[in-house]
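Please open the structure in your viewer, with the sequence panel beside it, and keep a selection tool at hand. The stops below are meant to be followed in order.

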Amino acid sequence: MTLSRDLKFEDFMTNVFERRPELLKGGCRSEYTWDDLNRCLFGWDPSDGRVRLFDKVMVPFEAYTELVDDLGTQRFRLLKEELYRRLDNGATLILNRLDLKCPQVAEIAAQISGLIGERTVSNGYACFGGGGAFGHHWDTHDVFAVQLIGRKRWKLYEPTVALPLPHQRSADRKHECPQVPIQDVVLEPGDILYVPRGWWHSTETAAKEESFHIAVGVHTLKMRDYATWLCETVMGEHISARRSLKWENNEFEDADFVKAFEREMFSAKNLADFKQAAAENVRQETCFSIHRSQSIGRGASLSINSPYRQAASGGLFVANGTKVAIDPVSARTLKRALDGELGNLEPREERFLKGLLARDLVRLIN
Ligand SMILES: [Fe+2]
């Protein structure tokens, strides 16, 4: 699966992100089939809690799994008969964190992540006709809905709580959902619908019509995360932040603290350090490539395995939760690999790139 080259980071972040929904018609090229999904389900241990069935309410785990004895080891397995029966009758199969099971899904999620420079997590939704799965609701993270098989209708409504945080749920505010949708679209394979967090939406699949889509959820760092990080790091240098809070008059009088906090907030160095700390915390899974662990071919093209755009600078390369020292020659090799201009590799260069690949700092693009 590949994202359309028409999608441009700057345009999207300036005009669309967190502002309005956007239908990206034919936004990705996909040949995803039910057999791809069947292969992911094969061997999936449902006791990890990520295979769910929604049939008006969440179906209890015991209803579609059984505990079996497998040569002396106990394990859960999905009950195909019950799974198929429920799906036939309009239930939705939810596959949480499908990006950890399915390389194609991991790849499209990584490409979306790379496009917007934020981390993503992907869930899959399969159904074979019937009503909408979850009714009207909003999500507390932005979503790229990527239709992979069949069709699904989406209705979108204006938000009533702009940019909600994870604790601001739609469940007890359903009466606020506007009556008239501002967008009513049917997604077809390859279409991508961007839904900013807080926008009400509902979905439906026509009777007996199949649909499989993934929701690539975007998990951004918020202003409040930056403020918390500042308080936990650099603010400790200021005596105004170390003073005890005065309770007596219920009045906040310490202007020194406010000034210091404002200075730290606007510091470009702090923002860069915060970004680096975020990059050190990210963990993205990539597909294995054991057959290429011995050599990297000259045609290989690599990509940084991190949503945060960190160039190798100051002798340091940070990606996917790992920090490595990098000399100027290696930095040039890495740049050539990222630009897809590897050419012939010296043994030293190949060793260096293989090391990055094995440590998941970069990923191979096919
Ligand atoms: Fe949703």
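What follows is a tour that begins with the whole chain and then moves from one selection to the next.

**Before selecting anything**

The model is predicted, and local features are described only where pLDDT is at least 70, side-chain atom pairs count only at pLDDT 80 or more, and totals for chains, interfaces and linings use all residues. Residues are numbered from 1 along each chain as its sequence is written.

**The whole chain**

Display the whole chain as a cartoon: its secondary structure comes to 10 helices and 18 strands, where helices (H or I, at least four residues) and strands (E, at least two) are DSSP runs numbered from the N terminus. Taken along the principal axes, the C-alpha atoms fill a box of roughly 70 × 65 × 50 Å. Of the 366 residues, 29% count as buried; a residue is buried if 20 or more other C-beta atoms, placed from the backbone, lie within 10 Å of its own, exposed if 12 or fewer, and partly exposed in between. Among contacts between residues at least 6 apart in sequence, 78% join residues at least 24 apart, a contact being two residues whose C-beta atoms, placed from the backbone, lie within 7 Å.

**Strand β14 and its partners**

Select β14 (residues 200-219), which runs antiparallel to β9 (residues 119-130) and is joined to it by 11 bridges; two strands pair if DSSP finds at least two bridges between them. Arg119 has His219 in β14 as its bridge partner. Add β10 (residues 142-150), which is also antiparallel to β14, with eight bridges, and find Gly150 with its bridge partner Ser211 in β14. Then add β11 (152-157), which is joined to β14 by five bridges, again in the antiparallel sense, and where Arg153 stands opposite Glu204 in β14. While side chains are displayed here, recall that in a regular strand they alternate between the two faces of the sheet.

**The loop after β11**

Continue into the loop between β11 and β12 (183-187), where Leu163 is located. Leu163 has a positive phi near 50°, although it is a residue other than glycine, and it counts as partly exposed because it has 14 C-beta neighbours inside 10 Å. In the loop between β11 and β12, select Val180 as well; is Val180 buried or exposed? Val180 is exposed, because 8 other C-beta atoms lie within 10 Å. Computed along the sequence panel, so to speak, Val180 and Tyr157 are 23 residues apart, while their C-alpha atoms are 6.9 Å apart in space.**The nonpolar cores**

Which residues have the most contacts inside the largest nonpolar core? They are Phe144, Ala145, Val146 and Val216, in a core of 47 residues; a nonpolar core is a set of buried Ala, Val, Leu, Ile, Met, Phe, Trp, Tyr and Cys residues joined through C-beta atoms within 7 Å. Helix α4 (residues 103-116) gives the most to this core, with seven residues. Centre the view on Phe144, which, leaving aside its neighbours within four places in sequence, is in contact with Ile112, Ile192, Tyr194 and Val216. Apart from this core lies another, of 19 residues, among them Leu302, Phe352, Leu356 and Leu357.

**Helices α9 and α10**

Select α9 (residues 328-338) and α10 (residues 347-358), whose axes come within 10 Å and cross at roughly 70°; the axes are lines fitted to C-alpha atoms, for helices over the stretch in contact, and angles run from 0 to 180 degrees between N-to-C directions. The two helices, α9 and α10, are therefore roughly perpendicular to each other, a term that covers angles of 65 to 115 degrees. Ser330, Thr333 and Ala337 in α9 meet Glu349, Phe352 and Leu353 in α10. The residues of this contact divide into three nonpolar, two polar and one charged, where Ala, Val, Leu, Ile, Met, Phe, Trp, Tyr, Cys and Pro count as nonpolar, Asp, Glu, Lys and Arg as charged, and the others, Gly among them, as polar.

**The hairpin of β6 and β7**

Move to β6 (residues 65-70), which lies largely in the open because the number buried among its six residues is zero. β6 pairs with β7 (residues 73-78) in the antiparallel sense over six bridges, and Leu67 stands opposite Phe76 in β7. The hairpin has two residues between the strands, and Leu71 takes a positive phi near 50° in it.

**Two last selections**

Select Lys56, in the loop between β4 (51-55) and β5 (57-58). Lys56 has a positive phi of about 70° although it is not a glycine, and it counts as partly exposed because it has 13 C-beta neighbours inside 10 Å. Finish at Val258 in helix α7 (residues 255-265), which counts as exposed, with 11 C-beta neighbours inside 10 Å. Val258 and Ala241 are 17 residues apart in sequence and 9.2 Å apart in space, C-alpha to C-alpha.

Methods
Angles under 35 degrees count as roughly parallel, over 145 as roughly antiparallel, 65 to 115 as roughly perpendicular and the rest as oblique.
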